[in-house]
Amino acid sequence: MDKKRVLVVDDELRLARTLGDALTRALGDECEVWVRTSGEEALQCLGQGEHFDVVITDLKMPGTNGMDLLRYIYRQKLLSRTILITAYGTPELEAQVDRLETEYLLKPFNIQDFVDLVRHNLGENGRLKTTVIVRDYRDVINARQKTRELARAIGMDVTSQARISLATSSMANAMSLGMLRIGQIAIESIQNPEQFGVRVTCTTTDGKEAHIPPAALRDVQWMVDHLAVDALPANNVQITLEKMEAVKTL
């Protein structure tokens with residue numbers, strides 16, 4: 001069996017090597033990891049016909065930046081999954097990466113989460129569970145992205161990915177604005193012989209009631225297509241969202 005190949009691109013040599021070494025240790029001999037320190041070097045590899053299953057690039061680099069590299073991969077219709085690394089998450093950036101069919105990871109991030117994300121994009125079985133602590137808008141974007149990544153990893157359709165990730169970001173945004181006394185979102189896959197999907201559990205950090213305004217709950221219900229949306233009673237400290245799909249049989 002041919003080895004899978006991953007390309008890591010970052011102008012900070014130390015970080016590029018750290019990420020490359022982490023992938024090499026985690027993925028072992030079944031994956032070949034290349035490290036390049038500029039967008040120009042990466043374009044040269046791709047232009048010479050080198051194929052990579054996953055390309056990971058930093059956003060801000062001198063000369064050819066990460067977005068330039070992603071646009072090249074998208075326009076050339078290269079068969080590579082892509083991940084953008086940035087410390088500057090914004091709604092505008094999220095819209096751009098959606099158009100380019102890529103994913104992004106906000107700095108600072110946990111190395112294990114990074115490895116798991118690469119595993120998912122390689123089609124391997126990684127940890128299908130993650131947690132986001134909500135403090136500000138960066139965490140809202142992170143919660144939405146992680147929900148979409150997990151939904152994609154288990155094979156949910158694009159519409160379902162969008163609906164559950166939007167619902168998650170709405171909940172996270174409510175938390176970040178102080179509407180709820182909630183500090184943690186757990187995102188996990190649900191898989192059984194009949195169904196598969198994503199469960200998002202929002203939990204208070206102070207043990208007090210979790211309350212959602214009725215209008216906000218209606219919006220969340222619409223976004224997950226009215227499927228298995230469950231707001232627990234007010235004397236609980238959790239609110240759970242679920243999006244399920246039936247297992248397709250041939």
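# A guided tour, starting at Pro-108

Begin by selecting Pro-108, which sits in the loop between β5 and α5 (111–122). Keep in mind as you go that this is a predicted model. Now add Lys-107 to the selection: the peptide bond joining Lys-107 and Pro-108 is cis, with omega at about -5 degrees. That is worth a look, because most peptide bonds are trans.

**Stop 1: the second largest pocket**

Stay with Pro-108 and show the surface around it. Pro-108 is among the residues nearest the centre of the second largest pocket, together with Phe-109, Arg-135, Asp-139 and Asn-142. In total, 15 residues line this pocket, and its volume is about 300 Å³. Colour β5 (103–106), β6 (129–133) and α6 next, since these are the elements that give two or more residues to the lining. Which element has the largest share? It is α6, with four residues. By type, the lining divides into six nonpolar, three polar and six charged residues.

**Stop 2: the largest pocket**

Now select Asp-98, Leu-100, Glu-101, Arg-148 and Arg-152. These lie nearest the centre of the largest pocket, which has 19 lining residues and holds about 420 Å³ of space. Two or more lining residues come from each of α3 (66–75), β4 (81–86), α6 (137–153) and α7 (158–176). Highlight α7 in particular: with five residues, α7 gives the most to this lining. If you colour the lining by residue type, you should find eight nonpolar, four polar and seven charged residues.

**Stop 3: two positive phi angles**

Keep Glu-101 selected and look at its backbone. Glu-101 is in the loop between α4 (91–99) and β5, and its phi is positive, about 55 degrees, although it is not a glycine. Is Glu-101 buried or exposed? Its relative accessible area is 57%, so Glu-101 is exposed.

Then jump to Lys-77, in the loop between α3 and β4. Lys-77 also has a positive phi, near 55 degrees, in a residue other than glycine. At 69% relative accessibility, Lys-77 counts as exposed. For background, most residues other than glycine have a negative phi.

**Stop 4: an aromatic pair**

The whole structure contains two aromatic pairs. To see one of them, select Trp-34 and Phe-52: their ring centres are 5.1 Å apart and their planes stand at 80 degrees, so the pair is edge-to-face. Trp-34 belongs to strand β2 (residues 31–36), while Phe-52 is in the loop between α2 (39–47) and β3 (54–58), so the pair links parts of the chain 18 residues apart. Trp-34 is buried, at 16% relative accessible area, and Phe-52 is buried too, at 0%. Add Arg-5 to the view: Arg-5 lies over the face of Phe-52, 5.2 Å from the ring centre.

**Stop 5: a helix residue and a strand**

Next, select Asp-21 in helix α1 (residues 13–27). Asp-21 counts as partly exposed, with 43% relative accessibility. Try the distance tool between the C-alpha atoms of Asp-21 and Val-35: they are separated by 9.5 Å, and the two residues are 14 apart along the chain.

**Last stop: β8 and β10**

Finish by showing strands β8 (residues 195–203) and β10, which run antiparallel and are joined by nine bridges. Find Thr-201, which stands opposite Thr-240 in β10. How many residues of strand β10 (residues 238–246) are buried? Seven of its nine are, which leaves the strand mostly covered.

Technical notes
Residues are numbered from 1 along each chain as its sequence is written. This is a predicted model: local features need pLDDT of at least 70, side-chain atom pairs count only at pLDDT 80 or more; totals for chains, interfaces and linings use all residues. Side-chain values use heavy atoms; hydrogens and water are left out. On a 1 Å grid over the protein atoms alone, a cavity is a set of points where a 1.4 Å probe fits but cannot get out, and a pocket is an open set with protein on both sides within 12 Å along at least five of seven lines; lining residues have an atom within 4 Å of a point. Grid points are joined across faces, edges and corners, and a volume is the space filled by probe spheres set on the points. Ala, Val, Leu, Ile, Met, Phe, Trp, Tyr, Cys and Pro count as nonpolar, Asp, Glu, Lys and Arg as charged, and the others, Gly among them, as polar. Rings of Phe, Tyr and Trp (its six-membered ring) pair if their centres lie within 6.5 Å; planes under 30 degrees apart count as stacked, over 60 as edge-to-face and the rest as tilted. Buried means under 20% relative accessible area, exposed over 50%, partly exposed in between (1.4 Å probe, protein chains only). A charge sits over a ring if NZ of Lys or CZ of Arg is within 6 Å of the ring centre and within 35 degrees of the ring normal. Two strands pair if DSSP finds at least two bridges between them.
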